[in-house]
There are 8 protein chains.
Amino acid sequence: MGDLLETLRAVREGRLSPEDAAAALQPSAEAAELGFARVDVERAARRGRPEAIFCQGKTPEQIVASTRTLLDAGQNALLTRLDATTAREVGGALSGEPWHYSPVSRLATVVRNPVARKAHRVGILCAGTTDLPVAEEAAGTAEFLGSEVERLYDVGVAGLHRLLRHLEFLQGARVLVVVAGMEGALPSVVAGLTSAPVIAVPTSVGYGANLGGVAALLGMLNACAPGIAVVNIDNGFGAGYLADVLNR
Amino acid sequence: MGDLLETLRAVREGRLSPEDAAAALQPSAEAAELGFARVDVERAARRGRPEAIFCQGKTPEQIVASTRTLLDAGQNALLTRLDATTAREVGGALSGEPWHYSPVSRLATVVRNPVARKAHRVGILCAGTTDLPVAEEAAGTAEFLGSEVERLYDVGVAGLHRLLRHLEFLQGARVLVVVAGMEGALPSVVAGLTSAPVIAVPTSVGYGANLGGVAALLGMLNACAPGIAVVNIDNGFGAGYLADVLNR
Amino acid sequence: MGDLLETLRAVREGRLSPEDAAAALQPSAEAAELGFARVDVERAARRGRPEAIFCQGKTPEQIVASTRTLLDAGQNALLTRLDATTAREVGGALSGEPWHYSPVSRLATVVRNPVARKAHRVGILCAGTTDLPVAEEAAGTAEFLGSEVERLYDVGVAGLHRLLRHLEFLQGARVLVVVAGMEGALPSVVAGLTSAPVIAVPTSVGYGANLGGVAALLGMLNACAPGIAVVNIDNGFGAGYLADVLNR
Amino acid sequence: MGDLLETLRAVREGRLSPEDAAAALQPSAEAAELGFARVDVERAARRGRPEAIFCQGKTPEQIVASTRTLLDAGQNALLTRLDATTAREVGGALSGEPWHYSPVSRLATVVRNPVARKAHRVGILCAGTTDLPVAEEAAGTAEFLGSEVERLYDVGVAGLHRLLRHLEFLQGARVLVVVAGMEGALPSVVAGLTSAPVIAVPTSVGYGANLGGVAALLGMLNACAPGIAVVNIDNGFGAGYLADVLNR
Amino acid sequence: MGDLLETLRAVREGRLSPEDAAAALQPSAEAAELGFARVDVERAARRGRPEAIFCQGKTPEQIVASTRTLLDAGQNALLTRLDATTAREVGGALSGEPWHYSPVSRLATVVRNPVARKAHRVGILCAGTTDLPVAEEAAGTAEFLGSEVERLYDVGVAGLHRLLRHLEFLQGARVLVVVAGMEGALPSVVAGLTSAPVIAVPTSVGYGANLGGVAALLGMLNACAPGIAVVNIDNGFGAGYLADVLNR
Amino acid sequence: MGDLLETLRAVREGRLSPEDAAAALQPSAEAAELGFARVDVERAARRGRPEAIFCQGKTPEQIVASTRTLLDAGQNALLTRLDATTAREVGGALSGEPWHYSPVSRLATVVRNPVARKAHRVGILCAGTTDLPVAEEAAGTAEFLGSEVERLYDVGVAGLHRLLRHLEFLQGARVLVVVAGMEGALPSVVAGLTSAPVIAVPTSVGYGANLGGVAALLGMLNACAPGIAVVNIDNGFGAGYLADVLNR
Amino acid sequence: MGDLLETLRAVREGRLSPEDAAAALQPSAEAAELGFARVDVERAARRGRPEAIFCQGKTPEQIVASTRTLLDAGQNALLTRLDATTAREVGGALSGEPWHYSPVSRLATVVRNPVARKAHRVGILCAGTTDLPVAEEAAGTAEFLGSEVERLYDVGVAGLHRLLRHLEFLQGARVLVVVAGMEGALPSVVAGLTSAPVIAVPTSVGYGANLGGVAALLGMLNACAPGIAVVNIDNGFGAGYLADVLNR
Amino acid sequence: MGDLLETLRAVREGRLSPEDAAAALQPSAEAAELGFARVDVERAARRGRPEAIFCQGKTPEQIVASTRTLLDAGQNALLTRLDATTAREVGGALSGEPWHYSPVSRLATVVRNPVARKAHRVGILCAGTTDLPVAEEAAGTAEFLGSEVERLYDVGVAGLHRLLRHLEFLQGARVLVVVAGMEGALPSVVAGLTSAPVIAVPTSVGYGANLGGVAALLGMLNACAPGIAVVNIDNGFGAGYLADVLNR
């Protein structure tokens with residue numbers, strides 16, 4: 001809190017006007033208020049990455065307004081969990097913007113300002129073809145934030161040789177995102193083969209006693225290999241975001 | 001690891017070229033990569049049975065491509081959890097192949113090479129009419145793999161005499177698959193009446209406190225009669241596969 | 001509510017004093033208050049059976065006081081879930097009373113007034129030897145309340161012939177209490193063999209996926225045979241009580 | 001087993017032909033086999049009430065065939081969980097039969113032979129209007145089996161006076177079926193006010209932490225008043241069936 | 001119970017007729033019976049607020065009839081969980097009444113008699129835009145009952161500064177309703193910043209391990225800050241009702 | 001934020017020294033740091049009530065140090081979940097202080113400064129004798145904070161007349177704390193009889209399907225009567241604290 | 001049922017006495033009744049293996065009596081879940097018998113008649129050292145029943161090379177028992193490497209989100225590799241028994 | 001796999017003997033086998049950090065043997081979940097070694113070779129004093145592996161100012177480990193205030209609906225702020241290990 005005293009002394013000594021001091025001391029910009037939402041436009045400054053817009057359960061109007069607020073603040077926009085029908089409406093309303101939508105990952109992006117690419121790579125693995133949407137959500141998020149992504153898909157533990165052929169992939173990555181449903185065993189096996197940190201993403205893929213992904217989640221939380229941490233079921237966005245944070 | 005030394009000596013002595021040795025020492029054929037999938041074409045060799053294609057959550061294009069990969073590798077194809085609409089598309093795309101689809105079991109098969117039939121039989125029981133789709137998935141899988149299947153359906157424990165009239169069925173089978181929903185009591189009762197191993201399959205049949213099949217699953221896991229093992233809820237495929245493995 | 005008007009007219013006409021009318025109209029006797037407890041001494045009149053004293057988590061002093069209140073009201077006392085150590089203390093404090101304690105069922109009784117025995121019988125079955133304490137709690141409760149009890153123990157479904165030799169037992173009872181742990185399959189099987197109502201009692205006997213009796217409870221709730229209703233896990237008292245109610 | 005010896009002696013002495021003895025000793029009629037089902041036509045004899053046909057998950061053809069089998073065996077038919085669309089098809093196929101369908105209870109009946117009415121009455125209560133379908137399933141089942149039913153609906157514990165005005169209803173019934181969702185408190189309160197046995201039926205009515213009826217189920221299992229037993233969530237049929245069994 | 005004796009003496013002394021005494025002593029008005037429902041018209045008198053009509057799972061006819069019963073008893077009507085389609089039908093049938101419907105909160109009101117407005121205010125916060133329907137259900141309910149409501153939306157803990165700018169909002173309210181899904185952390189944080197009581201409302205907003213709102217519910221129940229109590233998942237009505245009770 | 005500018009202008013104008021301004025602008029007193037703990041001594045100012053010390057899992061030394069910190073800050077101390085053995089040690093170390101410990105509620109208090117007593121009363125009910133420790137924890141907490149408490153114990157719904165005799169208790173209280181285990185039905189019934197707000201406290205009293213109090217918790221969350229909010233299982237402290245907040 | 005007619009004709013023709021016919025037609029030997037237990041001495045004949053005595057929750061007297069009953073029937077005895085203290089008592093009471101007890105597996109055996117050894121071997125793997133007691137229970141059970149057992153312990157998936165060095169072990173076994181706690185991933189990996197059937201045994205090893213073994217259980221039920229079936233948590237006995245059944 | 005061909009050519013050309021080639025090609029050192037365990041001595045090479053010894057459920061002999069194996073392989077040893085009693089035995093057996101044991105974290109270390117200290121710091125926060133053992137397990141693990149650790153304890157969200165005074169702590173750390181029980185809200189709040197990655201550790205601290213830490217776990221998995229990943233309940237070791245991996 002030495003800064004505070006310093007600022008106050010500058011005010012006293014006339015080096016700083018009270019108005020400028022107030023602006024400096026107050027939390028900077030107000031969150032942009034939209035009535036139904038307060039877009040956290042400061043987040044890019046505070047946390048180094050802009051707020052993403054979680055679209056599930058929102059109207060196209062709400063999504064468009066939030067997106068415009070981010071763009072007006074000079075930031076790029078990432079929209080997650082955007083279904084194809086709503087995407088058409090939102091994309092239409094934002095025509096003229098550099099809009100991109102992927103129906104597989106359900107991500108949309110509006111990138112006005114190219115992001116600096118990072119030196120290292122994020123490796124993303126998934127156990128089966130049906131885990132692909134979640135894996136792509138992770139990949140698209142990390143790429144939006146500036147990471148290079150390398151993919152290794154359909155390497156579930158039922159056919160271990162598919163994974164073992166790619167040890168250099170596992171050992172060379174800066175950080176690994178491992179996506180798996182059913183029993184969620186892939187992160188344990190992967191973590192045992194590499195010194196890179198592993199972000200494990202359980203998916204709701206499966207049926208019956210998979211309990212909507214809870215089986216995979218529990219499996220990953222109980223992984224016998226250290227060096228693993230877990231995000232929510234089907235949370236590709238969270239994994240991609242954290243992977244980019246770790247990719248430094 | 002004597003084989004390794006042997007191979008290396010053959011290389012030294014010129015009996016084997018380095019290239020041939022490398023091919024022999026490396027994990028043999030690459031899994032067939034389709035971009036979104038790596039069909040485990042080696043599985044037939046490694047495990048004695050080809051990989052089945054789990055269709056839930058996949059597009060018709062993905063399913064057709066995976067099926068063709070198996071067929072191109074000279075194997076038969078079993079497709080599970082294939083709904084009727086997708087089946088029509090996939091079957092159309094594979095016209096000319098010996099395609100067979102059952103809307104009850106939701107299994108499709110493409111059998112180019114007849115499989116040797118096994119000497120013993122697999123007995124498949126179910127507790128009620130509504131368990132039939134799961135029982136038929138087990139039956140169709142075991143038949144695809146070469147087992148003869150004998151069925152005994154709708155013999156739930158509420159009318160025990162229906163079961164007790166068929167003791168020779170129970171005692172004569174090489175392995176029994178017992179499918180039941182609700183309280184899942186049938187495997188316990190059956191196992192108490194036979195020396196054959198029992199594969200218990202809980203189904204999601206029922207309502208309320210059946211918890212989507214968890215009640216039946218727990219019942220079977222806690223069966224007071226030994227000689228029982230359990231597969232996932234509604235996992236007729238897994239039960240039929242294991243029954244064929246045990247039918248030797 | 002014709003009675004009310006009738007009473008009021010009797011008051012008006014001098015046939016009944018206001019004080020006597022008040023006594024008649026007010027809820028009769030006050031529950032006997034002990035500070036920490038209000039023994040429901042009216043229950044015998046209202047429900048036909050006296051309140052039982054649930055001893056788990058109570059001090060010997062509290063138990064003795066509650067018991068004396070019942071006895072003072074001219075009723076017999078049934079104490080449930082009374083461990084052996086506390087029983088010694090309580091029994092000592094009540095010396096002189098016709099005290100009886102069973103360490104297996106953990107029931108104690110003080111019967112000053114013999115209860116009329118009922119004409120019909122309650123049949124109590126259990127699946128295994130370790131279910132015995134719960135079965136005996138049911139038996140002791142029903143006997144305390146005036147029912148004759150017939151027992152058939154250790155007839156679990158893993159050895160069905162043990163049960164089938166006793167069809168007349170099943171078919172002759174007025175009501176059946178069926179006690180089972182593990183998968184809890186016995187009530188389904190029993191109900192399929194009799195027209196008597198079945199009270200199913202899950203027990204916490206077992207381990208692992210029995211989840212402390214929840215597996216048996218779910219099994220019984222999902223029983224495919226109608227004519228069954230279920231009480232709480234290990235609730236022998238509730239089953240014996242209800243069996244006596246049904247034994248008319 | 002004295003009967004067996006007696007029968008054998010009658011055979012030896014020529015009083016009984018071997019063929020007649022075999023018929024007498026064998027379990028009587030075979031369950032009527034329909035390929036996909038074994039209708040338990042003996043059940044009426046063995047258990048005093050015919051098998052009901054659980055229609056959920058069955059095709060109209062399966063339902064019609066099972067119904068005809070019961071009718072051909074001289075029994076009445078009760079069809080449960082029959083949705084309106086399927087009911088139209090099944091009712092059409094059975095035109096000419098005394099078909100009755102209730103869209104509220106989702107029960108259909110075909111009563112060729114009037115059932116003797118019982119002397120006592122079954123009381124059915126429900127806590128709220130939305131519990132009505134389950135209460136009516138219980139009522140319709142008990143009526144089909146020969147019981148008179150008296151209804152007392154929308155008497156949830158949030159307005160206790162609605163219940164307390166009907167103490168004579170509670171105290172006069174032979175057996176009470178109490179249907180409630182949400183917290184499932186009604187059976188406890190009712191049981192404390194009557195000496196009649198209470199069959200508690202939890203419903204899936206509610207939202208959020210009602211967990212699809214599990215909250216009400218747990219509430220009823222833990223009822224502090226004895227004299228209660230519980231059936232599965234939404235199981236009006238089971239409750240009505242058991243009520244008729246107890247109504248003797 | 002002095003009142004009873006007093007009344008009886010008045011009867012004896014001729015100051016009160018037996019008929020009037022009976023009317024006074026009996027529970028006053030009968031709940032208005034509609035066959036399928038007993039509208040608790042006394043509730044306004046007994047509890048100070050009229051019964052609300054929970055519309056989920058009810059037919060338009062049932063809803064209209066219940067609403068008319070309340071109106072006929074001179075009360076205002078609040079209808080909850082009313083979807084837009086049913087609202088159109090019910091609103092049409094009640095044309096002429098001061099009908100108001102909000103598709104966001106799914107509340108409808110018919111206010112014939114303006115309610116006295118309270119002196120203090122209820123503060124309602126929500127964590128994200130998707131929690132808005134539940135927050136508005138709380139707000140609409142409290143306003144219907146006479147409270148002024150102040151809203152502060154989209155102030156989730158991921159951007160704490162959005163909340164910290166409004167400390168006077170938190171400290172000045174009479175009672176706070178805090179609505180949040182996902183991890184449900186907002187009530188803990190809010191309660192730590194104010195002396196006002198906090199009613200926490202978990203929502204089902206989120207996915208995967210949110211378990212339909214159970215995660216938020218558990219979070220709120222385990223809040224480390226005292227001064228919080230919790231209502232059911234998505235129960236905006238219950239929170240708004242209790243907030244109005246506390247707003248005195 | 002006008003205050004900030006005002007302060008800065010005072011600094012500029014020499015009316016306030018930079019040091020004093022810094023002290024005014026900074027969060028006031030530092031939380032008292034003990035190495036292992038930061039006692040929130042400001043809480044009394046910020047929230048109107050001092051921090052309580054949760055003793056479970058802490059060493060006597062840690063408890064004594066935290067207590068002294070509160071006392072040194074001129075506050076009274078409330079210690080919760082303090083077992084008898086630890087209480088003896090802590091009480092010994094604090095000899096000379098006005099120490100009071102209750103083994104039933106497991107609360108200890110050190111009250112140096114008498115708290116002003118509030119005008120209204122908190123009513124505390126419990127369903128059974130075994131709920132007493134939790135009810136007393138609520139009572140002791142509310143009394144420590146300045147509320148008068150009236151108790152009504154052992155009035156569970158199995159004997160409703162015990163409760164109905166005390167309607168004036170229910171209707172006269174400013175706020176009611178209702179403590180119940182097993183099915184947790186008492187809050188619903190109580191809330192239906194009063195206009196006072198109800199704080200429901202589930203207890204872990206019971207066995208089997210009570211699931212350690214989860215059954216009672218779910219029952220209370222799903223209460224059909226509005227005007228109820230719920231705290232954690234066995235959380236008498238939280239209920240007493242909130243009751244005192246509401247008792248104004 | 002041709003046999004029945006045949007027998008009856010023999011009776012008629014005097015070839016068979018009624019008494020002998022009765023003995024032939026009746027269920028053969030009575031289960032040996034001990035009051036508290038009915039030892040299923042027929043089981044060896046009916047199912048090919050004698051009943052095992054589950055000792056948990058039984059008194060030493062009960063265990064000794066059940067053991068003697070089996071021995072008297074000419075069978076060997078296997079006692080499971082026998083703690084060391086009880087084992088001393090039981091072993092003492094059976095002095096003179098060929099008693100053997102293992103404190104690791106908690107199995108005791110009394111083998112009077114050597115069992116024929118089977119030609120093939122059962123392979124038993126476990127993931128970690130703490131899974132050893134369960135693995136040894138499986139091993140001891142299979143050995144008691146006549147199987148040769150080969151062990152491969154501490155080969156969890158965190159260090160895959162430990163497993164991959166033993167491919168011939170995996171591929172050569174007749175049946176594999178795979179024991180694992182925590183995430184329970186080992187069976188999936190093993191099954192992908194062999195054509196032998198895999199019996200998966202989840203253990204309660206671990207902590208936190210392992211939920212007492214439920215995490216491992218769910219992982220195994222959702223295994224992506226077919227050819228696996230699962231037994232109850234910590235059920236080494238069941239796995240060893242089934243392994244011996246499959247070892248033919 | 002170019003290395004393989006290269007090696008084979010060297011063999012062919014006589015530059016490498018077959019024996020040396022075999023040694024190079026084979027997985028290098030065998031895991032050190034101890035009968036009951038296979039210590040993964042290669043792990044330090046493969047993953048950059050040595051295997052830790054999880055002591056829960058192991059005998060002192062097993063722990064000592066595993067420790068010696070690591071030491072003999074030239075590595076340092078970290079022992080986790082070692083209770084004080086066992087620690088005394090193990091420490092005694094290893095006298096002469098640089099043994100250090102902490103009863104708070106239950107970690108023991110034997111560090112023969114000092115580890116290079118890393119440039120950056122790991123920040124470890126915990127919400128309350130009772131979370132300290134888990135936080136210290138994380139801290140001790142990270143320190144053992146070479147990280148500097150800075151601690152900030154008892155900064156739960158109930159008194160937010162305690163945390164907000166340390167923003168520079170949050171913003172300056174390379175990686176943050178955030179330990180919290182109860183509702184587990186701290187990681188969300190922390191992640192919203194920093195760009196550092198957050199490893200969230202739920203603890204089992206709390207009671208009732210905390211469900212042994214599951215409430216905190218779910219809260220953390222559903223955190224609304226991105227940049228968080230979660231480890232198992234009470235898994236301080238896993239968090240400290242991963243923090244050291246990320247601290248590069």
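# Sheets, symmetry and two interfaces

Let's start inside chain D, where β3(D) runs parallel to strand β4 (residues 77–80) of chain D and is joined to that strand by two bridges. This is a predicted model, so everything that follows is read off predicted coordinates. Within that parallel pair, F54(D) sits opposite T80(D), a residue of β4(D).

Now zoom out to the whole sheet. β3(D) and β4(D) belong to an open sheet of four strands in chain D, ordered β3-β4-β6-β5, and the pairing is mixed. At the edges you find β3 (53–54) and β5 (99–102) of chain D; each has a single partner strand, so one side of each has no neighbour in the sheet.

Chain H gives another view of this arrangement. There, too, an open sheet of four strands has the order β3-β4-β6-β5 with mixed pairing, and the edge strands are β3 (53–54) and β5 (99–102) of chain H, each pairing on one side only. We looked at the β3 end in chain D, so let's take the β5 end here. β5(H) pairs with strand β6 (residues 107–110) of chain H in the antiparallel sense, over four bridges. One residue to pick out is S102(H), whose bridge partner in β6(H) is L107(H).

Next, how do the chains sit against each other? Take chains F and D to begin with. A turn of 179° with a shift of 0.1 Å along the axis lays chain F on chain D, with an RMSD of 0.4 Å. If you want to find that axis by eye, go to A185(F): of the residues of chain F, A185(F) comes closest to the rotation axis, with its C-alpha at 2.6 Å. The two copies meet through the same surface, because 100% of the interface residues of chain F are also interface residues in chain D.

What does that interface look like in numbers? Contact involves 23 residues of chain F and 23 residues of chain D. Between them they bury about 1900 Å², and carbon and sulfur atoms give 72% of that area. There are zero salt bridges across the interface of chain F and chain D, but 10 residue pairs are in polar contact, counting pairs with both residues at pLDDT 80 or more. On the chain F side, the elements giving two or more residues are α7 (160–164), α9 (186–191) and α10 (214–221) of chain F. α10(F) provides the largest share, four residues. Sorted by class, the side of chain F that touches chain D has 17 nonpolar residues, five polar and one charged.

Chains H and A make another pair to look at. Chain H superposes on chain A by a rotation of 180° with 0.1 Å of shift along its axis, at an RMSD of 0.2 Å. The two copies are thus related as by a two-fold rotation axis. Here again the same surface serves both copies, with 100% of the contact residues of chain H recurring in chain A.

On to the contacts of this pair: 27 residues of chain H are in contact with 28 residues of chain A. The buried area is about 2700 Å², and carbon and sulfur atoms give 56% of it. Salt bridges across the interface of chain H and chain A number zero, while seven residue pairs, both at pLDDT 80 or more, are in polar contact. The elements of chain H that each supply at least two residues to the side touching chain A are α3 (43–47), α10 (214–221), β11 (228–230) and α11 (236–246). The largest share, five residues, is from α11(H). By class, that side of chain H has 16 nonpolar, six polar and five charged residues.

So where might you look for a salt bridge? Over all chains the count comes to 64 salt bridges. One to look at is in chain B, where the side chains of E150(B) and R121(B) meet at 4.0 Å, N to O. This pair links distant parts of the chain, 29 residues apart: E150(B) lies in strand β8 (residues 148–153) of chain B and R121(B) in strand β7 (residues 121–126) of chain B.

Technical notes
Residues numbered from 1 in each chain as written. Chains lettered and ligands numbered in written order. Predicted model: local features only at pLDDT ≥ 70, side-chain atom pairs only at ≥ 80, totals over all residues. Heavy atoms only, no water. Contact = heavy atoms within 4.5 Å. Buried area = accessible area lost by both parts, 1.4 Å probe. Polar contact = N/O pair within 3.5 Å; in protein donor to acceptor, adjacent residues only side chain to side chain. Nonpolar A, V, L, I, M, F, W, Y, C, P; charged D, E, K, R; others polar. Least-squares fit on C-alpha atoms with pLDDT ≥ 70 in both. Pairing = 2+ DSSP bridges.
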